[in-house]
Amino acid sequence: MAPTEVSIVKTLVLGGGVVGVTTAYFLAKAGHEVTVIEEKDGVGLEASSGNAGIIAPGHAFAWASPAAPRMLWESLRGGETAIRVRLGSDPRLYAWGARFLRECAPGRSRRNTLVKLRLCQYSQAVLGEVVRAEGIEYHAIEKGALYLHRDPAGLEAGVKKMALLAEHGQRQEILSGAELARLDPVFAPVAHKIAGAVRDLGDSSGDSRLFVESLARRCQDMGTVVRLGVRVAALQASGDRVDAVLTSHGVLTADSYVLALGVGSPAVARTAGVGLPIYPAKGYSSTFPLRANGLAPTIPGVDERWLVGWSRLGDRLRLTSTAEFVGYDWGWTPRDFGNIRSLARDLFPDAADYDRGQYRACLRPMTPDGPPILGLGRHRNLFLNCGHGHLGWTMACGTARIVADLMTGRMPELDLDGLTLRR
Ligand SMILES: Cc1cc2nc3c(=O)[nH]c(=O)nc-3n(C[C@H](O)[C@H](O)[C@H](O)COP(=O)(O)OP(=O)(O)OC[C@H]3O[C@@H](n4cnc5c(N)ncnc54)[C@H](O)[C@@H]3O)c2cc1C
């Protein structure tokens with residue numbers, strides 16, 4: 001009798017961010033021969049290294065909400081709003097924007113929020129499994145996250161809004177300024193400036209870049225090849241199959257391909273005739289070394305008035321803010337960090353050495369409705385794992401597991417309703 005042939009599937013994972021590397025991990029575990037292609041000289045150096053670090057099912061609200069159109073209108077009139085838009089000549093922004101506005105209807109917004117929430121909850125559980133299995137250290141803090149309000153009306157509205165997530169499994173508590181100060185001493189000197197907070201007890205935080213670097217090393221131990229400094233230019237497809245990837249280092253072929261290029265995904269997908277509704281939402285990110293005996297936050301959070309998120313990543317403080325629809329623009333000026341600096345001075349004046357900050361802008365890969373795009377498009381061997389928006393660190397492990405399950409013939413544990421390209 002002839003010995004049974006075991007055929008090893010060769011897979012190219014395009015993109016070495018948190019989404020690409022977690023997908024490579026699950027595929028390598030399933031026995032695929034995986035190569036990760038990344039244009040930077042390290043993994044996790046784009047959005048995955050600039051985010052606020054919050055693993056936040058408690059922040060799963062869809063950005064396309066009944067409040068968004070007014071916010072966008074005010075932004076166009078020059079207002080300081082949470083979501084900002086600068087209209088230019090890019091027709092893709094208009095097409096994306098039209099779909100975004102359609103998703104702002106109350107019913108759609110609620111549905112999209114719940115699709116995101118379910119995925120965030122699943123992903124957080126998968127992250128826990130990966131961390132336990134691989135012993136990964138990523139400066140994890142598991143104390144929930146604070147959604148902070150400056151005035152009673154804001155707090156009341158915040159509590160009302162968060163009830164939807166509580167009804168669907170998020171444990172929450174409402175804290176006054178004084179209770180907040182007892183929970184985290186950093187708020188003691190400033191409790192009078194805070195009306196209160198909703199604490200989502202299920203949220204957590206950690207350094208996604210550190211996580212990606214460690215996980216990439218585990219992948220390499222399993223035989224995964226990580227090719228850095230290689231830019232993906234195009235996909236070569238015939239019929240319903242992708243045959244090859246054209247890169248800055250030549251033509252690469254495999255049995256299957258995963259598209260996980262973050263904001264780079266739509267341009268590459270277009271070369272194979274696949275349209276992905278993903279547009280960049282720019283955010284500003286700053287990182288400061290903690291002061292030796294300073295009073296620094298121990299629980300991550302978001303100031304809901306100033307819309308600045310914070311978390312403690314080891315001996316550093318990360319502060320991020322802003323969502324601007326200005327195309328593929330990674331530029332920044334010191335002025336863009338004005339609200340971050342104001343918040344730091346106002347709430348955490350003693351926490352970090354603010355003269356030694358690292359500043360950058362990075363782009364969130366946003367879909368109009370909010371959830372990412374997973375699974376097949378029009379090619380049988382091209383799997384999509386992109387469009388994770390403002391919660392890609394939170395969703396990465398879950399979406400990686402789902403896509404790897406689809407690729408290895410396993411039934412995903414989560415229903416894909418609302419998560420595929422045709423939704
Ligand atoms: C300011 C800010 C704050 C955020 N805060 C949070 C938060 O608190 N919690 C949370 O869950 N999420 C947060 N996010 C979102 C999260 O960071 C992203 O959703 C996530 O990093 C997306 O991961 P990714 O792997 O898809 O993209 P990326 O990390 O951008 O990775 C894509 C990779 O593909 C590479 N690439 C792109 N094009 C090409 C090409 N043509 N050829 C080769 N390589 C290419 C890039 O170099 C990059 O390394 C935040 C984002 C921002 C910007």
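**Exercise 1. Which residue in strand 20 does Ile373 stand opposite?** Determine the partner and place the pair within its sheet.

*Solution.* The model under examination is predicted.

Step 1. Ile373 stands opposite Cys386 in strand 20.

Step 2. Strand 19 (373-376) and strand 20 (382-386) pair in the antiparallel sense, over 4 bridges.

Step 3. The connection between strand 19 and strand 20 is a hairpin, with 5 residues between the two strands.

Step 4. Both strands belong to an open sheet of 6 strands, whose order is 9-2-1-13-20-19 and whose pairing is mixed. The edges of this sheet are strand 9 (225-228) and strand 19, each of which pairs on one side only. From one strand to the next, the twist averages 15 degrees.

**Exercise 2. Describe the pairing of strand 1 with strand 2, and identify the helix that lies across strand 1.**

*Solution.* Step 1. Strand 1 comprises residues 10-14 and strand 2 residues 33-38; the two pair in the parallel sense over 5 bridges.

Step 2. One residue pair can be named: Lys10 has Glu33 in strand 2 as its bridge partner.

Step 3. The helix in question is helix 11, which lies across strand 1, strand 13 (256-259), strand 19 and strand 20. Relative to strand 20, helix 11 runs at about 170 degrees.

**Exercise 3. Reconstruct the sheet formed by strands 10, 11 and 12, working from its order to its individual residue pairs.**

*Solution.* Step 1. The three strands form an open sheet in the order 10-11-12, with antiparallel pairing. The edge positions are taken by strand 10 (232-238) and strand 12 (250-252), each pairing on one side only. Neighbouring strands are turned by 30 degrees against each other on average, direction ignored.

Step 2. Strand 10 pairs with strand 11 (residues 241-247) over 6 bridges in the antiparallel sense. Val232 stands opposite Thr247 in strand 11, and the bridge partner of Ala234 is Leu246.

Step 3. A hairpin with 2 residues between the strands links strand 10 and strand 11. In its turn, Gly239 has a positive phi of about 60 degrees.

Step 4. Strand 11 and strand 12 run antiparallel and are joined by 3 bridges; Val245 stands opposite Leu252 in strand 12. A hairpin of 2 residues leads from strand 11 to strand 12.

**Exercise 4. Characterise the surroundings of the ligand: its shell, its polar contacts and its coverage by protein.**

*Solution.* Step 1. The ligand is surrounded by 33 residues, of which the closest are Glu38, Ser48, Ile54, Gly389 and Thr394.

Step 2. The shell residues divide into 12 nonpolar, 15 polar and 6 charged.

Step 3. The distances can then be assigned. A backbone N or O atom of Gly389 lies 2.8 Å from an oxygen atom of the ligand, and a backbone N or O atom of Leu391 lies 3.4 Å from an oxygen atom of the ligand. A polar side-chain atom of Arg231 lies 3.4 Å from a nitrogen atom of the ligand.

Step 4. Of the 1000 Å² of accessible area that the ligand has on its own, the protein covers 96%.

Step 5. The elements contributing two or more residues to the shell are helix 1 (18-29), helix 2 (47-50), strand 18 (358-366) and helix 11 (392-407). Helix 11 gives the most, with 3 residues. This is the helix that Exercise 2 placed across strand 1, strand 13, strand 19 and strand 20.

Terms used. Residues are numbered from 1 along each chain as its sequence is written. This is a predicted model: local features need pLDDT of at least 70, side-chain atom pairs count only at pLDDT 80 or more; totals for chains, interfaces and linings use all residues. Side-chain values use heavy atoms; hydrogens and water are left out. A residue is near a molecule or strand if one of its heavy atoms lies within 4 Å of it. A polar contact is a pair of N or O atoms within 3.5 Å; within protein, one must be able to donate a hydrogen and the other to accept it, and residues adjacent in sequence count only if both atoms are side-chain atoms. Accessible areas come from the Shrake-Rupley method with a 1.4 Å probe; for residues, only the protein chains shown count as cover. Ala, Val, Leu, Ile, Met, Phe, Trp, Tyr, Cys and Pro count as nonpolar, Asp, Glu, Lys and Arg as charged, and the others, Gly among them, as polar. Two strands pair if DSSP finds at least two bridges between them. Axes are lines fitted to C-alpha atoms, for helices over the stretch in contact, and angles run from 0 to 180 degrees between N-to-C directions. Contact means heavy atoms within 4.5 Å.
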